[in-house]
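Me: Please take a close look at one sheet of this model, strand by strand, and then set it beside the other parts of the chain that help to place it. I would like the bridge partners, the turns, the burial and the charged pairs in one connected account.

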Amino acid sequence: RDTVHEFDRESGEEVARLGPFGEILAMSRDGGWIVARQQGNDVEVLDPRNGSGRVRLSGHAERPKSAAFTADGTRVATAAPDGEIRIWERATGRLLRAIAGPKVQMEDGYLTVNGALAVSPDAGRVVFVLGNEAILWDARTGTRLATISHPAALISAVVFSEDGKLVYTSCDSVRAWDAETGKQVREYAVPGSYFLRVGIPSPDN
């Protein structure tokens, strides 16, 4: 959770181990940046290879549990259990937008799911999982766009397609949703599975 492991894609052998850092919440697509939790409610963005480019992100009222980079790595979103999403400029730590959303579902004082977060490839939308719902927001204006409802089970992970037109969620199956309307467009069932985590889709989805 606090260490970056680098593997050779062909052989599967570990070639580098970087860290430890604080608990790692997100990594950029190119592996050049991570978001790691620090003391209190702060997180830090840094290059895991040499520790350079450190920028501290401060301002959350509760401790962030989730983070996500834009596809180009120039912006980062963070989210906390109180539902607040913050979008930052990675290089400077400048706050670009704060969105006050509904709280993440709690049960007996604990998170029912470690709220998943994703940013669209064009950085125009952000989606945050609250439990069995995920809310789509306009990242530039903070406007609520749509709600993805998955009443049968808690959503474990969420990602955008490469073209930004679909949102994929996972729980007992993988489902694809229209990123504009929040309507389900397809489902991929995995027999015998009850808890899945979706990864980054291939370029052709």
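**The sheet around strand 8**

Reply: R75 stands opposite E89 in strand 9, and this pair of residues is a convenient place to enter the sheet. The model is predicted, so local features are given only at pLDDT of at least 70 and side-chain atom pairs only at pLDDT 80 or more, while totals for chains, interfaces and linings use all residues. Residues are numbered from 1 along each chain as its sequence is written, and side-chain values rest on heavy atoms, with hydrogens and water left out.

Strand 8 and strand 9 (residues 84-89) pair in the antiparallel sense through five bridges, where a strand is a DSSP run of E with at least two residues, numbered from the N terminus, and two strands count as paired if DSSP finds at least two bridges between them. The two also form a hairpin with four residues between the strands, in which G83 takes a positive phi near 95°.

On its other pairing, strand 8 (residues 75-79) runs antiparallel to strand 7, to which four bridges join it. Along this pairing, S66 has A79 in strand 8 as its bridge partner, and A68 is matched with A77. Here too the connection is a hairpin, with five residues between strand 7 and strand 8, and G73 in the turn has a positive phi of about 75°.

Taken as a whole, this open sheet has four strands in the order 7-8-9-10, with antiparallel pairing. Its edges are strand 7 (66-69) and strand 10 (95-100), each of which pairs on one side only. From one strand to the next the twist averages 15°, an angle taken between lines fitted to C-alpha atoms, on a scale from 0 to 180 degrees between N-to-C directions. In a regular strand the side chains alternate between the two faces of the sheet.

How is strand 8 placed with respect to the rest of the structure? Four of its five residues are buried, so strand 8 is largely enclosed by the rest of the structure; buried means under 20% relative accessible area, exposed over 50%, and partly exposed in between, with a 1.4 Å probe and protein chains only.

E89, the residue opposite R75, also takes part in a charged contact. Side chains of opposite charge can pair when their charged atoms come close. The side chains of E89 and R94 meet in a salt bridge at 3.6 Å, N to O, the term standing for a side-chain nitrogen of Lys or Arg within 4 Å of a carboxyl oxygen of Asp or Glu. E89 counts as partly exposed because its relative accessibility is 25%, and R94 is also partly exposed, with a relative accessible area of 48%.

By the salt-bridge rule the count comes to twelve. Among them is the contact of E44 with R54, whose closest N and O atoms are 2.7 Å apart. It links distant parts of the chain, ten residues apart, with E44 in strand 5 (residues 43-46) and R54 in the loop between strand 5 and strand 6 (55-57). E44 counts as buried, since its relative accessibility is 10%.

A second open sheet can be set beside the sheet described above. It consists of four strands in the order 17-18-19-20, and the pairing is antiparallel. Its edge strands are strand 17 (157-160) and strand 20, each pairing on one side only. Neighbouring strands of this sheet are turned by 20° against each other on average, direction ignored. Strand 17 and strand 18 (residues 166-170) pair in the antiparallel sense over four bridges, and within that pairing V158 stands opposite T169 in strand 18.

A salt bridge also belongs to this second sheet: the side chains of R175 and E187 meet at 3.5 Å, N to O. The pair links distant parts of the chain, R175 in strand 19 (residues 173-178) and E187 in strand 20 (residues 184-189), twelve residues apart. R175 counts as buried at 14% relative accessibility, whereas E187, at 41%, counts as partly exposed.

Two backbone details lie in loops. The peptide bond from G19 to P20 is cis, with omega near 5°, and P20 is found in the loop between strand 2 (14-18) and strand 3 (24-27). A123 has a positive phi of about 65° although it is not a glycine; A123 lies in the loop between strand 13 (117-119) and strand 14 (125-129), and counts as buried because its relative accessibility is 13%.
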